[in-house]
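Visitor: Could you take me through the part of this model where protein meets DNA, slowly and with the numbers? I'd like to see how the pieces around that surface fit in too.

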Protein chains: 2
Amino acid sequence: MKIKNSRLEAIRLILSTKGIGSQEELLNELAREGFKLTQATLSRDLHQLRVVKSVGANGSYSYVLPRSERYRHGGTDGDVLPVSQEIDTTGYRSIRFSENIAVIHTTPSYAGTLAYKIDNCDFPEIIGTIAGDDTIMLVMAEGVNRTAVLRALKTIIPGI
Amino acid sequence: MKIKNSRLEAIRLILSTKGIGSQEELLNELAREGFKLTQATLSRDLHQLRVVKSVGANGSYSYVLPRSERYRHGGTDGDVLPVSQEIDTTGYRSIRFSENIAVIHTTPSYAGTLAYKIDNCDFPEIIGTIAGDDTIMLVMAEGVNRTAVLRALKTIIPGI
DNA sequence: ATAATAAAGGAATAAATATGCAATCATGAA
DNA sequence: TTCATGATTGCATATTTATTCCTTTATTAT
């Protein structure tokens, strides 16, 4: 189904950017983006995405996508494959935000290459990066939101 | 309290060993080992240990400990905070904070190793690090205070 | 030791989440 | 097309998990 896949995509995007503490909360976010569904369906979606409700550093709950089992949506059939089973040229593993910094984790040794690619794109949303061996620190431009950064990165990391 | 700590220890051991799918199930396992408690208390214990209910490969649910709380042998008393083995080969020299960034200075050449250790602990308070030769830049999670970061780091840098 | 304060735990319940069932919709074969 | 099959979903509900309120137990300061 077309709708379901784009919904799963929306869920992944939302969970990557905002801190969501309950399915109801996520339901509202989805409604805001035009998705109409019930908690039952959302529960099933989250189960399929293997999302877990974890306890943050501050003690509150938040839903997180497991980086070991990232899914991407297939364009044709409804089947989804874990990214880990694909040939991955970027080395991308996960991204997290804190204030105006994004931290990208990669396969060991891939961080430099990926950061170089990002720099080369001259995204206005991103003012610079520093890479270690498996980690990139990325500084966001002022006033830019995280969704915009993800959208930009998507052009070079399709599976993000 | 004595009982609580040994119970938390038991929980960690059980979760490291068996596949547990619900709190009630875990409650039974604990009863089998002589721990008498209610689901309410167990819920609180699991929250403290940051245990998450995740979705296994077979689609069924199972409780898992975060890496930073996985079971290891050794320390028995006091806090549940994990202990590292190494005897101050960290090279740690100093730490300073600015906003959501911490900068750690080390003995020359030690930064990479220390950063690697920090990353491996998967502290929820820390979303990533990058190391140079004698400097580590560390990005704190949002909403986390510096004391919490120091407390986390203390588990691998006792002298911090 | 005693009072004050904090931590721990149970019972009941609220809140959150998963699921059985039936209806709907799509897809493909005959 | 028509039938069979499988996927998707909502509704209602079962199940599970978190929390509120209150009592008990430990810890600290005086």
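Guide: Here is a walk along the two DNA strands, followed by a look at the chain behind the surface.

A word on conventions: residues are numbered from 1 along each chain as its sequence is written, chains are lettered from A and ligands numbered from 1 in the order in which they are written. This is a predicted model, so local features need pLDDT of at least 70, side-chain atom pairs count only at pLDDT 80 or more, totals for chains, interfaces and linings use all residues, and side-chain values use heavy atoms, with hydrogens and water left out.

Let's start with DNA strand D. It has 19 residues around it, the closest being Arg7(A), Thr41(A), Gln23(B), Gln39(B) and Tyr63(B). A residue is near a strand or molecule if one of its heavy atoms lies within 4 Å of it. Of the atoms of DNA strand D that come within 4 Å of the protein, 66% belong to sugar and phosphate.

Now for the polar contacts, meaning pairs of N or O atoms within 3.5 Å (within protein, one must be able to donate a hydrogen and the other to accept it, and residues adjacent in sequence count only if both atoms are side-chain atoms). Lys4(A) has a side-chain N or O atom 3.4 Å from a phosphate oxygen of DNA strand D. For Thr38(A), the distance from a side-chain N or O atom to a phosphate oxygen of that strand is 3.0 Å, and for Tyr63(B) it is 2.2 Å. The elements that give two or more residues to this surface are helix H1 (2-17) and helix H3 (39-49) of chain A together with helix H3 (39-48) of chain B. Helices here are DSSP runs of H or I with at least four residues, strands are runs of E with at least two, and both are numbered from the N terminus. H3(B) gives the most to the surface near DNA strand D, with 4 residues.

What classes of residue make up the surface near DNA strand D? There are 7 nonpolar, 6 polar and 6 charged residues. In this scheme Ala, Val, Leu, Ile, Met, Phe, Trp, Tyr, Cys and Pro count as nonpolar, Asp, Glu, Lys and Arg as charged, and the others, Gly among them, as polar.

Over to DNA strand C, which 18 residues surround; the closest are Gln23(A), Gln39(A), Ser43(A), Tyr63(A) and Thr41(B). Sugar and phosphate make up 64% of the atoms of DNA strand C that come within 4 Å of the protein. On the phosphate side, a polar side-chain atom of Lys53(A) lies 3.0 Å from a phosphate oxygen of this strand, and a side-chain N or O atom of Lys4(B) is 3.4 Å from one. A base gets a partner as well: Arg44(B) places a side-chain N or O atom 3.0 Å from a base nitrogen of DNA strand C. H3 of chain A, together with helix H1 (2-17) and H3 of chain B, each supply at least two residues of this surface. The largest share, 4 residues, comes from H3(A). By class, the surface near DNA strand C has 6 nonpolar, 6 polar and 6 charged residues.

Step back from the DNA to H1(A) and its packing. The axes of H1(A) and helix H2 (residues 23-32) of chain A come within 11 Å and cross at roughly 115 degrees. Axes are lines fitted to C-alpha atoms, for helices over the stretch in contact, with angles running from 0 to 180 degrees between N-to-C directions. Arg7(A), Ala10(A), Ile11(A), Ile14(A) and Leu15(A) of H1(A) meet Leu26(A), Glu29(A) and Leu30(A) of H2(A), where contact means heavy atoms within 4.5 Å. That helix contact has 6 nonpolar, no polar and 2 charged residues. Arg7(A) thus turns up here and among the residues closest to DNA strand D.

Ser16(A) is also found in helix H1 of chain A, and its side chain reaches the backbone oxygen of Arg12(A) at 2.6 Å. Ser16(A) is buried at 18% relative accessible area; buried means under 20%, exposed over 50%, and partly exposed in between (1.4 Å probe, protein chains only).

Past H3, Arg50(A) sits in the loop between H3 and strand S1 (52-55) of chain A. Arg50(A) has a positive phi of about 60 degrees although it is not a glycine, and it counts as buried at 15% relative accessibility. For the wider setting, chain A has 5 helices and 8 strands, and buried residues make up 46% of its 160 residues.
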